[in-house]
Amino acid sequence: MSWLLQSLSLLLFSISVYFKKILYCKILYYIFLFIFLFLRNSESGYNFNFYLIDWMKYFFNNKIILINTLGNILLFIPMGLFNKKIVYSFFVIILIEFFQLLLKKGIFDIVDIVLNLIGVIIGFLGVFLWKKIKTKKRK
């Protein structure tokens, strides 16, 4: 009986450590996101024009456009990994852009919202595919 209790307690401990690691990763990600998006010097303002299509022809020729586009996507992939629903991530992205406008710590940009959402979707699809592969291996 004691081996069963020890095994069960070890299992529960392992599960709690696993979830604590995920929680710590989430907390570190959101702290990094806050620092990166709000504690930096940047322009302030807004842009309601959807210029992403115009950027496509300069994507590989202009390093700044390439870095900006990939950065906006890559920065939000972890949010897709952590959040279970894309809708929540979408609202977080809208709030971030709104606070950038309100606090004048960045530019409220429609294209940023689209690129950030693409990053979230990539992360979400990564988790979805990983779970699907994992369940196929079990069968």
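Okay, let's start with a question: leaving aside neighbours within four places in sequence, which residues is Asp-109 in contact with? Keep that one in your head for a minute while I set the scene.

What you have in front of you is a predicted model. The chain has 6 helices and 2 strands. If you read along the sequence, the pattern goes α-β-α-α-α-α-β-α. There are 139 residues in the chain, and buried ones make up 26% of them. And here's one for the contact-map people: take contacts between residues at least 6 apart in sequence, and 77% of them join residues at least 24 apart.

Right, back to Asp-109. This residue lies in strand E2, residues 107-109. With neighbours up to four places away set aside, the partners of Asp-109 are Asn-47, Asn-49, Tyr-51 and Glu-97. Is Asp-109 buried or exposed? Buried: its relative accessible area is 6%, and the cut-off for buried is under 20%. As for Glu-97, its C-alpha is 7.1 Å from that of Asp-109, with the two positions 12 residues apart in sequence.

Glu-97 comes back in the next bit, so let's go to the helix packing. H5 and H6 pack at an angle of about 150°, and their axes are 10 Å apart. Anything over 145 counts as roughly antiparallel, so that's what we call H5 and H6. Their crossing is right-handed. Who makes the contact? On the H5 side you've got Ile-86, Ser-89, Phe-90, Ile-93, Ile-94 and Glu-97, and on the H6 side Asp-112, Ile-113, Asn-116, Leu-117, Val-120, Ile-121 and Phe-124. Sort that contact by class and you get 9 nonpolar, 2 polar and 2 charged residues.

Now the other packing pair, H3 with H6. H3 covers residues 63-74 and H6 covers 110-138, and their axes come within 7 Å, crossing at roughly 50°. These two helices are therefore oblique to each other. H3 passes H6 in a right-handed crossing. The residues in contact are Thr-69, Asn-72 and Ile-73 from H3, with Asp-112, Leu-115, Asn-116, Ile-118, Gly-119 and Ile-122 from H6. Here the class count is 4 nonpolar, 4 polar and 1 charged.

You may have caught Asn-116 turning up with H5 and again with H3. So let's zoom in on it. Asn-116 sits in helix H6, and its relative accessibility is 2%, so it counts as buried. Beyond its neighbours within four places in sequence, Asn-116 is in contact with Asn-72, Phe-76, Ile-93 and Glu-97.

Phe-76 is a good way into the core. Its contacts, again leaving out neighbours within four places, are Tyr-29, Leu-33, Leu-37, Ile-93, Ile-96, Asn-116, Gly-119 and Val-120. As general background, nonpolar side chains in soluble globular proteins tend to be buried together. In this model, the largest nonpolar core has 14 residues, and the members that touch the most others are Tyr-29, Leu-33, Leu-37, Phe-76, Met-79, Ile-93 and Ile-96. Helices H1 (2-38), H4 (77-82), H5 (86-103) and H6 each put in at least two residues. Which helix gives the most? That would be H1, with 4 residues. There's also a second, separate core of 7 residues, and its members include Tyr-51, Leu-52, Ile-73 and Leu-115.

Two more residues before I sit down. One is Phe-38, which is found in H1. It has 10% relative accessibility, so it counts as buried. Not counting residues up to four places away, Phe-38 touches Ile-96, Phe-99, Gln-100, Leu-103 and Lys-105. Take Lys-105: it is 67 residues from Phe-38 along the chain, yet the two C-alpha atoms are separated by 5.5 Å.

The other is Leu-125, over in H6. Leu-125 is partly exposed, with a relative accessible area of 44%. Its C-alpha is 8.4 Å from that of Leu-81, and those two leucines are 44 residues apart in sequence.

That's my tour, thanks for listening.

Notes: Residues are numbered from 1 along each chain as its sequence is written. This is a predicted model: local features need pLDDT of at least 70, side-chain atom pairs count only at pLDDT 80 or more; totals for chains, interfaces and linings use all residues. Side-chain values use heavy atoms; hydrogens and water are left out. Axes are lines fitted to C-alpha atoms, for helices over the stretch in contact, and angles run from 0 to 180 degrees between N-to-C directions. Angles under 35 degrees count as roughly parallel, over 145 as roughly antiparallel, 65 to 115 as roughly perpendicular and the rest as oblique. A crossing is left-handed if the near helix is turned anticlockwise from the far one by less than a right angle, and right-handed if clockwise. Contact means heavy atoms within 4.5 Å. Ala, Val, Leu, Ile, Met, Phe, Trp, Tyr, Cys and Pro count as nonpolar, Asp, Glu, Lys and Arg as charged, and the others, Gly among them, as polar. A nonpolar core is a set of buried Ala, Val, Leu, Ile, Met, Phe, Trp, Tyr and Cys residues joined through side-chain atoms within 4.5 Å. Buried means under 20% relative accessible area, exposed over 50%, partly exposed in between (1.4 Å probe, protein chains only).
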